[in-house]
Structures are given as structure tokens and as C-alpha cells.
Amino acid sequence: WLYFAVLLTLTFYVASELSGSYARSDNSFSNAPFFIAVMSLVFGTMGLLIGAALAGDAAARDAQTQLDPLLYTAPVSKLAYLGGRFFAAFGLYAVLLLSVPLGLLLAELAGNPALLGPFRPAAYVAPYLFLVVPNGFVATAVLFWMAALSRRATTSYLGGVVLVAACAFSWSWVASAWGQWELAKLLDPLGANVLREGLMTWTPVERSTRLIGLGGTLLWNRVLWIVIALGVLALTHSRFPFAHHTVGASRYRVSRRSERI
């Protein structure tokens with residue numbers, strides 16, 4: 001709940017501050033669907049810190065608290081164990097990310113009525129379903145994978161850095177430097193390049209009225225990265241040692257061997 005409150009407050013405050021200036025500079029509405037989609041992506045990406053905390057704790061808590069010997073002897077399969085941990089982390093993360101559209105909606109209600117356009121619930125639902133939740137699934141898979149195999153919750157934060165770096169690489173190099181826009185939109189794990197292209201090619205009227213739809217390159221981007229996320233989860237299942245961690249035992253054997261020498 002603390003995570004939810006922090007992300008909600010941050011989304012509301014920043015969106016309230018930026019919506020008016022965006023409407024005046026872009027000659028569009030302060031609650032334009034495009035503005036809502038961009039803000040949803042921005043704050044959904046900031047929520048990676050929350051996702052890292054949830055996925056890292058779910059994947060590595062048993063090993064770090066040394067409860068793994070007890071749990072691994074329970075009548076639970078590795079698939080059920082990892083699947084339960086992953087989907088619990090992702091489900092909770094998806095619920096916490098509801099604070100993003102809620103904060104944007106509150107910012108609209110508190111905004112300048114003269115700059116507001118028609119209220120369209122789909123303008124808040126579509127970015128959440130097509131951008132925020134798929135990004136949350138991909139992020140949770142990567143963060144969970146890194147924490148589960150390393151048995152360290154803090155390693156999951158490195159996964160967040162990797163995702164943001166991949167987005168920045170596709171933006172700065174593939175799209176801007178090489179001019180390969182279609183490839184950049186596919187390689188971007190967060191879908192930011194799709195919105196960036198809309199910023200450059202859509203008219204102010206389109207940005208004020210056109211909803212973010214699951215079609216074209218965005219659809220193929222979502223399919224590609226969800227498949228990659230499923231592959232990461234399959235790799236996690238195959239490489240995860242469903243047994244007591246024996247690092248301590250190995251060190252003990254090395255110590256005993258040194259004593260004999």
C-alpha cells in the first residue's frame with residue numbers, strides 16, 4: 001500500500017503540473033489520449049523499482065532466509081513453486097500499477113476545465129492494458145529470472161537497468177542514428193519508440209482524439225517481448241536448482257581440505 005500511495009501521489013502531482021503546459025504548447029487537450037499514454041508509460045517505467053522489489057523478494061527470499069531446505073522437501077513441484085512465486089509477484093505488481101491511471105484520472109479531475117476535452121475512459125484503460133501491464137509482465141519475468149538464479153533479491157534491480165538500457169539503445173542508436181524505425185519499435189522492450197513516432201507524425205488533433213490501439217508495430221512488439229518473457233521463464237525453470245543451496249557446504253569442504261594440507 002505504501003508503494004501504491006507513493007506512485008499514485010507522484011503520478012498525480014507530475015501530471016497535474018505538466019498537463020496544462022502540454023495542452024497550451026501542443027494546442028490540444030490536457031487530458032488528450034496521447035498525453036495520458038505517454039504519462040502512463042513514464043510512470044509505469046518508474047514503477048520498475050517496485051517491480052524489482054517484488055520480484056526479487058519473491059524469487060530469493062527463501063534462499064536468503066535459509067528456509068529453502070524446508071520448502072524444497074515439501075510435496076510441491078518446481079513448476080508450482082516458481083509459477084506461484086512469479087504470478088504472485090506479477091499479480092501484485094499489476095495491481096500496484098493501477099495507481100498510474102488512477103493518478104492520471106485524479107489529475108484530470110483537478111485540472112483546468114477550460115483545457116479539458118471529453119472524458120474518455122478508454123484513454124486510461126488502453127495504455128494500462130497495452131503498455132503498462134505487458135511491460136510489467138516482461139519486467140517481472142526478467143527481474144524474477146535474475147534474482148532466482150543468483151539467489152539474491154538485489155540482483156533484480158540490475159534487470160531493470162538492462163530493460164531501460166535496451167529501450168535507450170533502440171531509441172538513440174537503432175532509431176535516431178541508424179534510421180531503422182521499424183526495427184527500433186520492435187526491439188524496444190517498453191514500447192516507447194511507438195509513442196515517440198506518434199509524437200513526430202501525429203497531428204495535434206490526432207493526439208487529442210486518437211486512442212492507443214493494439215495494432216500494427218505495437219502489436220508485434222507486445223507479441224515479441226511476451227514470447228521473450230516466456231522464454232526467460234522457461235530458462236529460469238530449467239536452470240533453477242530445486243535443492244538446498246550448497247555454497248556453505250562447498251566452503252566447508254574446502255576449509256577441511258586446507259586443514260588436512
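## Salt bridges, aromatic pairs and a helix crossing

The structure holds six salt bridges, and because it is a predicted model, the contacts described here are those of a computed set of coordinates. Side chains of opposite charge can pair when their charged atoms come close. Three of these pairs are set out in the table, with the N to O distance for each.

| Pair | N to O distance |
|---|---|
| Lys185 and Glu182 | 3.1 Å |
| Glu197 and Lys185 | 2.7 Å |
| Arg210 and Glu206 | 3.6 Å |

**Charged side chains**

Lys185 appears in two of the table rows, once with Glu182 and once with Glu197, and the three residues Glu182, Lys185 and Glu197 are linked in a network of salt bridges. The first of these contacts is made within one element, since Lys185 and Glu182 both belong to helix α9 (residues 181–187), where three residues, or about one turn of the helix, separate them. How buried or exposed is Lys185? Its relative accessibility is 4%, and Lys185 therefore counts as buried, the cut-off being under 20%. Glu182, by contrast, is partly exposed, with a relative accessible area of 46%.

The other contact of Lys185 reaches out of its own helix. The side chains of Glu197 and Lys185 meet in a salt bridge of 2.7 Å, N to O. Glu197 lies in helix α10 (residues 192–201) while Lys185 lies in helix α9, so this pair ties together parts that are 12 residues apart in sequence. Glu197 is partly exposed, with a relative accessible area of 24%.

Arg210 and Glu206 form a further salt bridge, at 3.6 Å from N to O. Both partners count as partly exposed, Arg210 at 38% relative accessibility and Glu206 at 27%.

**Aromatic side chains**

A search of the whole structure finds 12 aromatic pairs. In one of them, the ring centres of Phe86 and Phe90 are 6.3 Å apart and the ring planes stand at 5 degrees, so the pair is stacked. Phe86 and Phe90 both lie in helix α5 (residues 78–96), four residues apart, which is about one turn of the helix. Phe86 counts as buried at 2% relative accessibility, and Phe90 is also buried, with a relative accessible area of 16%.

A second pair, Phe119 and Tyr124, has ring centres 6.1 Å apart and planes at 35 degrees, so it is tilted. Its two members sit on either side of the cut-off for burial, because Phe119 is partly exposed, with a relative accessible area of 49%, whereas Tyr124 is buried, with 8%. Phe86 and Phe90 also belong to a wider group, for they form one aromatic cluster together with Phe87, Phe137 and Phe144.

**The crossing of α1 and α6**

Two packed helices are described by the angle between their axes and the distance between the axes. The axes of helix α1 (residues 2–26) and helix α6 (residues 99–109) come within 8 Å and cross at roughly 40 degrees. That angle makes α1 oblique to α6, and the crossing in which α1 passes α6 is right-handed.

Which residues of α1 and α6 meet? On the α1 side the residues are Phe4, Leu7, Leu8, Thr11, Phe12, Ala15 and Ser16. They meet Ser99, Val100, Leu102, Gly103, Leu104, Leu106 and Ala107 in α6.

Technical notes: Residues numbered from 1 in each chain as written. Predicted model: local features only at pLDDT ≥ 70, side-chain atom pairs only at ≥ 80, totals over all residues. Heavy atoms only, no water. Salt bridge = Lys/Arg side-chain N within 4 Å of Asp/Glu carboxyl O. Helix = DSSP H or I, 4+ residues; strand = E, 2+ residues; numbered from the N terminus. Buried < 20%, exposed > 50% of the residue type's maximum accessible area, 1.4 Å probe, protein only. Phe/Tyr/Trp six-rings, centres within 6.5 Å; stacked < 30°, edge-to-face > 60°. Axes fitted to C-alpha atoms, helices over the stretch in contact; angles between N-to-C directions. Parallel < 35°, antiparallel > 145°, perpendicular 65-115°, else oblique. Left-handed = near helix turned anticlockwise from the far one by under 90°. Contact = heavy atoms within 4.5 Å.
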